[in-house]
Amino acid sequence: MINTIKRYPFQLWVLISNLGVVAWLQVHGHQMLQTGQNFINENQGMITNGLNTVKLHPIWLIAIGIVFLIILSLVKKTLKVVFTLLNFLLLAKLVGAI
């Protein structure tokens, strides 16, 4: 048992933390479900209006999705450039050029 703990400390930590999450969910799960049900009941009109809008104008949903994907793509490219420049700066600092 001790050798197993020494050999796999991270896996043991993951097991213990997952057991903690399961125990927390068992204690608080019913309250979370009740809160969610209350939220749905309180906002049923707004949910229905939103679903009706999507049924009547599905092209809006497609357009919003395309715009969202374009924005994500631009952010990804921008972050790639920024991190590449930061890596070059770090490399230059390590080599002693800066």
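A residue counts as partly exposed when its relative accessible area falls between the buried limit, under 20%, and the exposed one, over 50%. Keep that in mind as you click around this predicted model.

**Stop one: helix α2.** Select residues 9-42, which make up the 34 residues of α2. From the first C-alpha to the last, α2 reaches 46 Å, close to the 50 Å expected at 1.5 Å a residue. Now click on H28: a kink of about 55° in α2 is centred there.

**Stop two: V22.** Stay in helix α2 and pick V22. Is V22 buried or exposed? Neither: its relative accessible area is 44%, so V22 is partly exposed. Next, pick K55 as well and draw a line between the two C-alpha atoms. V22 and K55 sit 33 residues apart along the chain, and their C-alpha atoms are separated by 38 Å.

**Stop three: helix α4.** Select residues 58-95 to light up α4. Its 38 residues should span 56 Å at 1.5 Å a residue, and the end C-alpha atoms are 55 Å apart, so the two figures agree. Then step just past the end of α4 to G96, which takes a positive phi of about 100°.

**Stop four: a nonpolar patch.** Show the surface and select V67, I71, V75, L79, V82, F83, L86, L89 and I98; together they make a nonpolar surface patch of about 820 Å². Zoom in on L86, one of the patch residues, which lies in helix α4. L86 counts as partly exposed because its relative accessibility is 44%.

Methods: Residues numbered from 1 in each chain as written. Predicted model: local features only at pLDDT ≥ 70, side-chain atom pairs only at ≥ 80, totals over all residues. Heavy atoms only, no water. Helix = DSSP H or I, 4+ residues; strand = E, 2+ residues; numbered from the N terminus. Expected span 1.5 Å × (residues − 1). Bend = angle between axes of the 7 residues up to and from the residue. Patch = residues over 30% accessible without salt bridge, like charges linked within 9 Å, V, L, I, M, F, W, Y side chains within 5 Å. Areas by Shrake-Rupley, 256 points an atom, 1.4 Å probe, with all protein chains shown as cover. Salt bridge = Lys/Arg side-chain N within 4 Å of Asp/Glu carboxyl O. Buried < 20%, exposed > 50% of the residue type's maximum accessible area, 1.4 Å probe, protein only.
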